[in-house]
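Work through these exercises with the model open in your viewer. Each task is followed by a stepwise solution.

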Amino acid sequence: MPEITAQRYTWLKKQISLHDRHYYLQDDPLITDAQYDGLYRELISIEKEYPHWITPDSPSQKVSGYANQVFSAVEHGSPMLSLNNALSEEELVSFDRRCREGLGIEQIEYACELKFDGLAISLLYEKGILVRAATRGDGSVGENVTDNIRTIQQIPQRLQGTQTPERIEIRGEVFMSHEDFRLLNEQQKSLGAKEFANPRNAAAGSLRQLDPQITARRALSFFSYGIGELEPTGWLPTGHSELLDRYVTMGLPVCQDRVLARGFKELMVFFQSIKDRRDNLPFDIDGVVYKINAYALQNQLGYISRAPRFAIAHKFPPQEAMTRVMAIEVQVGRTGAITPVARLEPVFVGGVTLTNATLHNEDEINRKDVRVGDMVIVRRAGDVIPEVVRVILERREASSEIFQMPTNCPICQSQIERTLGETIARCTGGLFCPAQKMQAITHFAHRRAMNIDGLGEKLVAQLIEANLIYHPADLYRLGLNALVTLDRMDSKDKKLASNLLQAIENSKKTTLARLIFALGIRHVGETTAKDLAKYFGSIQAFIQAQEDDLLRVNDVGPVVTKSIQKFLAQAHNLEVIEQLIACGINPQEKASSEQVVTELFNKSFVLTGTLPTLSRDSAKALLEEAGAKVVGSVSKKTDFLLAGSDAGSKLEKAQELGIPVMTEQELLSILQRASVR
């Protein structure tokens, strides 16, 4: 007997049993599905080579799972079996060939369905009434969860129609949708309770509650997909697809993502179509299932110890894997957002090798308690950024240390600030920080900011890459010779470069409101920038403003005030503003008291329809110059609706609320009277 192989075989049996207990009883798996599949396939390969080693306690001789002894036991009338897996096209080809050769036919019709990632359930109906519900358990004995199952609204207490059999056992899957899972974890978090690792664990944990009222408060869903006991047996249709059609007429939920397919090629078409849509489904699946449709052919092929010969699960490449966190660093985003990132020991998952995974923010890293050296489960789903799902605490080293977020930006050394009530921490060096310069300069040049025509994101990227600009003030130092060397500029025809330089020069003749908005201060939008410009009158007065001064400005509260102060407290930002002034950008505003129109001051306006002569932007500018506020939607707080032709739902809502409707002519008359006075 080869000693090493025998030791490995014994170890595999123990490991698989351990992981079965964690997965089925504790709803807290220690490894990913892919890793479990790898252990199981290795066990099978050894048993094929040494079949005399197989004992009744081998995982290959029974259905994976356990019946929790807290619940009363239910013995299944017929075993609830597992499915064998196909992980490649070659394995699927082999399955199809075995079926065809076993039946002696050229082509087989298969029923194709989704493989849900939930909890297998048996529902027993007698005379159309639900009398018992049980989990799969170990395949022979499950847990009685009838009271909890009755709380799931999708599961009928009484079957519909008059053609229901005397006794029928419906088999299917209880699961939790992505949205319900998100809401449940938000609730768990608010209560200070443990959050669930994934929807499958959440569904299993919810269904195994001793108090059905707790289960009732958790949104569980159900799909039917199989049959067990049946009386009379003559009620059974000829094929599986027809059975699911009958389930629908009986009021049972059945997933509509199912087709009939003939031969290997059509199976692969279904597999690929579902794989392409997987990330957009509202619930988790880990593959698809193929079953020979005709029951007569199913019975002819029969079963092996733990699985049917006539069906197989075609699983997707694993989206989760286990690896080690080698380091934790922080990245600075284009808006200054600070994101902790785990540097991973390379691991292949979802078709690519992962070396990094996001930890989202400080709250998330604290909640998951991720530390350097930890073994973690990482997940990659489609185009979603890879993330750390959870830590394997059983494998944590005693010397591990809690991660501390930095207080200074790793790029520009500016302070990192986190506003009370927000989850994202940010670098405060907005105009100076190299990580933010792309965003800062593009925003600065925007048509609603400094309005530099022709300076879009792609050209900004080229200027940065060529080291021609580092912050907004550098735009005003650009020369023709430097610009014509760029790919987007024509070195022979210098017109494009000349036009850009002229647009940059023209932008110096701007308003104070546009300049303040162009600085990109967090929480300072166009309207707030206009209010600040009216109040302070110059950029110098604005940057010297104290807290009390800022709080006196219309609609500027504590949050906006703190944001402005943090921005202006950074010497780097003040330096850029001073350079802009030195380049000739120094707009002045008239005192706000000279512009205010008493009848319109501080009034809230909503614009709708097509005005006779004014554009929306022009009307908005006139109202704001007069001291009014323009908002996007009608509410009880709206003072006036400025309406033109083809006014729609906003006009109807204003009339319902009794809000005065003003025409363009009436607005212009008010402004005319004010100017005469």
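Is Met438 buried or exposed?

Met438 is buried, because its relative accessible area is 16%, and buried means under 20%, exposed over 50%, partly exposed in between (1.4 Å probe, protein chains only). This is a predicted model: local features need pLDDT of at least 70, side-chain atom pairs count only at pLDDT 80 or more, and totals for chains, interfaces and linings use all residues. Residues are numbered from 1 along each chain as its sequence is written, and side-chain values use heavy atoms, with hydrogens and water left out.

**Exercise 1. Place Met438 and list its contacts.**

Step 1. Find the element. Met438 lies in helix α12 (residues 437-445). Helices (H or I, at least four residues) and strands (E, at least two) are DSSP runs, numbered from the N terminus.

Step 2. List the contacts, meaning heavy atoms within 4.5 Å. Not counting residues up to four places away in sequence, Met438 touches Arg334, Glu457, Val460, Ala461 and Ile464.

Step 3. Check the separation for Arg334. In sequence, Arg334 and Met438 are 104 residues apart; C-alpha to C-alpha they are 6.8 Å apart.

**Exercise 2. Describe the surroundings of Lys368.**

Step 1. Lys368 belongs to helix α11 (residues 362-368). Lys368 counts as buried because its relative accessible area is 14%.

Step 2. Look for a polar contact (a pair of N or O atoms within 3.5 Å; within protein, one must be able to donate a hydrogen and the other to accept it, and residues adjacent in sequence count only if both atoms are side-chain atoms). The Lys368 side chain reaches the backbone oxygen of Val388 at 2.6 Å.

Step 3. Widen the search, leaving aside neighbours within four places in sequence. Contacts of Lys368 include Glu387, Val389 and Val391.

Step 4. Turn to strand β16 (residues 387-391). Four of its five residues are buried. Strand β15 (residues 375-379) runs antiparallel to β16, joined by four bridges. Val388 in β16 is the bridge partner of Val378.

**Exercise 3. Classify the packing of α5 on α6.**

Step 1. Get the geometry. Helix α5 (residues 178-191) and helix α6 (residues 199-207) pack at about 70 degrees, with axes 10 Å apart. Axes are lines fitted to C-alpha atoms, for helices over the stretch in contact, and angles run from 0 to 180 degrees between N-to-C directions.

Step 2. Assign the class. The angle makes α5 roughly perpendicular to α6, a label for 65 to 115 degrees.

Step 3. Name the residues. His178, Phe181 and Leu184 in α5 meet Pro199, Ala202 and Ser206 in α6. By class, this contact has four nonpolar, two polar and no charged residues. Ala, Val, Leu, Ile, Met, Phe, Trp, Tyr, Cys and Pro count as nonpolar, Asp, Glu, Lys and Arg as charged, and the others, Gly among them, as polar.

**Exercise 4. Which strands stand at the edges of the sheet β5-β4-β7-β8?**

Step 1. Read the order. This open sheet has four strands with antiparallel pairing. Two strands pair if DSSP finds at least two bridges between them.

Step 2. Pick the edges. β5 (129-135) and β8 (221-231) each have a single partner strand, so one side of each lacks a neighbour in the sheet.

Step 3. Add the twist. It averages 25 degrees from one strand to the next.

Step 4. Add the helices. α6 packs on the sheet and touches β4 and β7 (167-175). Helix α8 (residues 240-249) also packs on the sheet, touching β7 and β8.

Definitions and conventions:
Angles under 35 degrees count as roughly parallel, over 145 as roughly antiparallel, 65 to 115 as roughly perpendicular and the rest as oblique.
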